[in-house]
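I opened a fresh notebook page for this one and kept my entries short. Here is what I looked up, in the order I went.

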Amino acid sequence: MEIGLRGGCENSKSNLNENYAAAELYILNEFPRKISLGEQAALSGRFDLGATYLKGSDDRGGMLAAGGDLVLGLWQGHLEFEIGFRPTWMFNHTYGEDNFGGGVQFTSHAGLAISLHNLVLNYRLQHTSNAGLYQDNPGLNLHMIGLGCRF
């Protein structure tokens, strides 16, 4: 299990009018099965839960997201590459001039993590949008850097 904090900012200048900052408390729990890819590599999955504080313009809101990650671990898990998908609930879907359409959103991400003993430094590029469920669907891209602790 890993618990940590991530923070970051948006990278969506082409489709958004506001500047965004985010902070997330996250919990990751690895599934019990791994697929060995040799002595130094393994493929695994994990449950990914996050509660995010989001600020855009003078507006503030939050998101809750829960889903799964696929993880390629190298060197006994000291370096990990991950991709994941999390259905997301956005509590406030209007920030200044930007309208994300509604509360139901989907967040996908790709990232990497470096672990030293029980501490984990991680980076994610994540995209949140509503997949066309609503008329407005600008999408939000966030660069997120985090620090976690594994138990």
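**Entry 1: strand pairing**

I began at a single cross-strand position: H127 stands opposite N141 in strand 10. The model is predicted, so I kept in mind that local features are taken only where pLDDT is at least 70. Stepping back from that position, I found strand 9 joined to strand 10 (residues 140-150) by 10 bridges, with the two running antiparallel.

Next I asked how strand 9 pairs with strand 8. Strand 8 (residues 104-116) and strand 9 (residues 119-129) are also antiparallel, over 11 bridges. At one position of this pairing, L116 stands opposite L119 in strand 9. I then looked at the turn: strands 8 and 9 make a hairpin with two residues between them. One turn residue, H117, has a positive phi of about 60°.

**Entry 2: salt bridges**

I searched for charged pairs and got 12 salt bridges in the structure. As a reminder to myself, side chains of opposite charge can pair when their charged atoms come close.

I looked at E2 and R150, whose closest N and O atoms are 3.0 Å apart in a salt bridge. This pair links distant parts of the chain, with E2 in strand 1 and R150 in strand 10, 148 residues apart. Is E2 buried or exposed? E2 counts as buried because its relative accessibility is 3%, and the cut-off for buried is under 20%.

Then I turned to D69, which takes part in a salt bridge with R46; the closest N and O atoms there are 3.1 Å apart. R46 sits in strand 3 and D69 in strand 4, 23 residues apart, and the pair links distant parts of the chain. R46 has 7% relative accessibility, so I noted R46 as buried. D69 comes out at 5%, so D69 is buried as well.

D69 also forms a salt bridge with R124, and here the closest N and O atoms are 3.4 Å apart. R124 lies in strand 9 and D69 in strand 4, so this pair ties together parts 55 residues apart in sequence. Both R124 and D69 are buried.

I asked which residues the shared partners join into one network. The answer is E2, R6, E24, R46, D48, D69, E80, E82, R86, R124 and R150. I was pleased to see E2, R46, D69, R124 and R150 from my notes above all turn up in this network.

**Entry 3: V71 and its contacts**

I moved to V71, which lies in strand 4 (residues 59-74). V71 has a relative accessible area of 1%, so I logged V71 as buried. What does V71 touch, leaving out residues up to four places away in sequence? The contacts are A42, L43, S44, R46, E80, F81 and E82. R46, E80 and E82 in that list are also members of the salt-bridge network.

I checked how far V71 is from Y20, the residue I wanted to visit next. V71 and Y20 are 51 residues apart in sequence and 28 Å apart in space, C-alpha to C-alpha.

**Entry 4: aromatic pairs**

My search of the whole structure finds four aromatic pairs. One of them is Y20 with F100, an edge-to-face pair at 5.9 Å centre to centre and 70° between the planes. Y20 is in strand 2, while F100 is in the loop between strand 7 (98-99) and strand 8, so to speak a link between distant parts of the chain, 80 residues apart.Y20 and F100 are both buried.

F100 has a second aromatic partner in my notes, Y95. That pair is edge-to-face too, at 6.1 Å centre to centre and 75° between the planes. Both Y95 and F100 are buried. Together, Y20, Y95 and F100 form one aromatic cluster.

**Entry 5: a nonpolar surface patch**

Last, I looked at the surface. M1, I3, L5, L25, I27, F31, F47, L49 and F151 form a nonpolar patch there, with about 850 Å² of accessible area together. The elements that give two or more residues to the patch are strand 1 (2-10), strand 2 (20-36) and strand 3 (41-56). Which strand gives the largest share? Strand 2 does, with three residues.

I closed with M1, which is found in the segment before strand 1. M1 has 46% relative accessibility and therefore counts as partly exposed.

Terms used. Residues numbered from 1 in each chain as written. Heavy atoms only, no water. Helix = DSSP H or I, 4+ residues; strand = E, 2+ residues; numbered from the N terminus. Buried < 20%, exposed > 50% of the residue type's maximum accessible area, 1.4 Å probe, protein only. Contact = heavy atoms within 4.5 Å. Patch = residues over 30% accessible without salt bridge, like charges linked within 9 Å, V, L, I, M, F, W, Y side chains within 5 Å. Areas by Shrake-Rupley, 256 points an atom, 1.4 Å probe, with all protein chains shown as cover. Salt bridge = Lys/Arg side-chain N within 4 Å of Asp/Glu carboxyl O. Pairing = 2+ DSSP bridges. Phe/Tyr/Trp six-rings, centres within 6.5 Å; stacked < 30°, edge-to-face > 60°.
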